[in-house]
Amino acid sequence: MERNWRHARHFEGVVCYMLLTLFTVHVCGKFVVEKNSISVTSPDSLKGVYDSAIGNFGLPEYGGTMAGMVVYPKDGAKACKSFSESFKKATSGGLPSVVLVDRGDCYFALKVWNAQNAGAAAVLVADDRSEALITMDSPEEGNATPDYLDNITIPSALIEKKFGDSLKKALGSGDMVNINLDWRESLPHPDDRVEYEFWTNSNDECGSKCDTQVEFVKNFKGAAQIMEQGGYTLFTPHYITWYCPQAFTLSKQCKSQCINHGRYCAPDPEQDFTVGYDGKDVVAENLRQLCVFKIATDIQKPWIWWDYVTDFQIRCPMKDKKYNQDCAEEVMKSLELPIDKIRDCMGNPEADEDNPFLKAEQEAQVGHDSRGDVTILPTLVINNRQYRGKLDKGAVLKAICSGFQEKTEPPVCLSDGIETNECLTNNGGCWTNPKTNVTACKDTFRGRVCECPLVQGVQFQGDGYNNCEGRCKIENGGCWQSTQDGNTFSACLDTELKGCQCPNGFRGDGIQNCDDVDECKEKLACQCQECTCKNKWGGYDCQCQGDLLYIKEQDTCISKKASASKVSWTVALIVLAGLAVAGIAGYAVYKYRLRSYMDSEIRAIMAQYMPLDSQSDVHQHLNEDV
């Protein structure tokens, strides 16, 4: 009997399940199977592309591909026990082993774990019944989680029975079956921003899945905040809530697990109503975390949510009896969040009315478009597709990176450990100029693209694989260039993105040679009757006879006399003006001296007839004038 049949999600189907919390809620949901494609490259009889359902554990290679050779175990094809054989020996030409196992008798995850331990690089589980593809999930939450679950590091997928039978038949006939597993289109990648949601819960006493959530938030916080602050992502946290049936709203169970008169409920953390915290405590903290995100978004710092949730998990755990409002508000205070606004956002949990935020969360749980209903925790939705696989920092980051349009990924997606830089090996098969280390290879998360680069403001052009025509700053664009007597001429034009053209004064192909043109000999310039032409490298000199002046633009000589006469008249006028000024100044000085002399003579004569007592005064006056 299949041990985890309750965790098989039917594509676009409706599956009903029971939520047991001492009261019963019957819920129906739409589940969507997330797929990756499998291309069979050999044998010819099986060539084609087939669908498979991504397993909800392990590490799917989102955005990538894997080539491998299919191996079917000789014994124990259901993989419920450890394999005695090693699949590492089954490789051909370096291809890793993709182990094909049969469905039935044990957990899907256990099959993958046993195959991984035997050297499998990936696992395909062949369905044992003819039906639509389903999602292989991890073991049921009610059972003790196996230790191996977190240690599965390979991808896995379920394939249809018909395809599985065809693979077994080909292998049984001795054919070598090679396939390519392709996850590149498993997530949409329409533009330069990824939108993702994380459906979580503030409950930290729900076993291994709660521990996984706590660990993931703590480890992923740094990368999430960097991408959010850089505008690369748009993140939204969500919280699952249920409602209590109308007939049970006044029951003890609903009152202890719900707020707002049974409208929003969560299971009892310890599954024991007599001890610890109640479900309504979890709903209240979920609501508080939603309001932290809203207020942080209002102040344009939505990434603070990661800080609050991480700090709350560390400082306010249930095991320390600190899972309460007081501890939560201490965390808010340390993060400088407005406590009053968050209280107002939460409203009154005792009121018999809808809470707009929790009501919106219930509506968001319902699947739409290509996304199925959210019914399990944790759930990660990337570009409206549910993520499948282990909730691990590296795996989730790879999945988010695969959601960017190629060439728009943030730097964190191109770092070591996240993707392999294909440009480092043989330059990715792209054009390169080894002398200048300029290449057309551009590393991307999904692989690489060969695209002629932009160098020093000049865009190279070409197919990116065999050629990229650059410009003059790099090896002179492959054009002719030469220097003589300190003068440099080039056949490369920065204004043109391709081609070589000899400059004026030269003639040639512009690549191998540009020969000097003898303008004098070929009578291309300096051809007027009064001109004397002398060729020089890259040009010519032209002299005119006598007092003639050469005008290059008109290739003619003109007389200098007109210019000389103008200069002569100008000089003459200046000289005359100077003489006139000097004459006037001389005349003024003469008049002044003459008047002074006459005054002195007159005074001397008059002094002879003046009284003696007044002569001293006259002499003193004259001495002062001298």
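This passage describes a predicted model of a protein, moving from the chain as a whole to one sheet, two buried residues and a pocket.

In the predicted model, the protein has 626 residues, of which 44% count as buried, and its secondary structure comes to twelve helices and 31 strands. The surface that the protein exposes is about 33,400 Å², with carbon and sulfur atoms supplying 51% of that area. Among contacts between residues at least 6 apart in sequence, 61% join residues at least 24 apart.

One part of the strand content is an open sheet of four strands, which follow the order S13-S12-S16-S17 with mixed pairing. The edges of this sheet are taken by strand S13 (233–239) and S17, and because each has a single partner strand, one side of each is left without a neighbour in the sheet. In general, strands of a sheet pair through backbone hydrogen bonds, and the pairing may be parallel or antiparallel. Here, S12 and S13 run parallel and are joined by seven bridges, whereas S12 and S16 pair in the antiparallel sense over four bridges. Trp199 takes part in both pairings, with His238 as its bridge partner in S13 and Thr379 as its bridge partner in S16.

Strand S16 (residues 379–382) also pairs with strand S17 (residues 385–386), in the antiparallel sense and over two bridges, and the bridge partner of Val381 in S17 is Gln386. S16 and S17 form a hairpin with two residues between them, and in the turn Asn383 has a positive phi of about 50°. In a regular strand, side chains alternate between the two faces of the sheet. In S16 both faces are covered, since Thr379 and Val381 on one side and Leu380 and Ile382 on the other are all buried.

The loop between strand S11 (178–182) and strand S12 (194–200) contains Ser186. With a relative accessible area of 3%, Ser186 falls under the 20% limit and is therefore buried. Apart from neighbours within four places in sequence, the residues in contact with Ser186 are Lys35, Asn36, Ile54, Tyr62 and Arg385.

A second buried position is found in helix H2 (residues 161–172), which includes Gly164. Gly164 counts as buried because its relative accessibility is 0%. When neighbours within four places in sequence are left aside, Gly164 is in contact with Leu100, Ala126 and Ile159. Val125 lies 39 residues from Gly164 along the chain, and the C-alpha atoms of these two residues are separated by 8.1 Å.

Among the pockets of the model, the second largest has a volume of about 590 Å³. The lining of this pocket consists of 27 residues, and those nearest its centre are Ile259, Lys280, Ala284, Pro349 and Glu350. At least two lining residues come from each of helix H4 (252–257), strand S14 (258–259), helix H5 (279–298), helix H7 (325–334) and helix H8 (339–346), and H5 gives the most, with six residues. Divided by class, the lining of the second largest pocket comprises twelve nonpolar, seven polar and eight charged residues.

How values were computed. Residues numbered from 1 in each chain as written. Predicted model: local features only at pLDDT ≥ 70, side-chain atom pairs only at ≥ 80, totals over all residues. Heavy atoms only, no water. Buried < 20%, exposed > 50% of the residue type's maximum accessible area, 1.4 Å probe, protein only. Contact = heavy atoms within 4.5 Å. 1 Å grid on protein atoms, 1.4 Å probe; cavity = no way out; pocket = protein on both sides within 12 Å on 5 of 7 lines; lining within 4 Å. Points joined across faces, edges and corners; volume = space filled by probe spheres on them. Nonpolar A, V, L, I, M, F, W, Y, C, P; charged D, E, K, R; others polar. Pairing = 2+ DSSP bridges. Areas by Shrake-Rupley, 256 points an atom, 1.4 Å probe, with all protein chains shown as cover.
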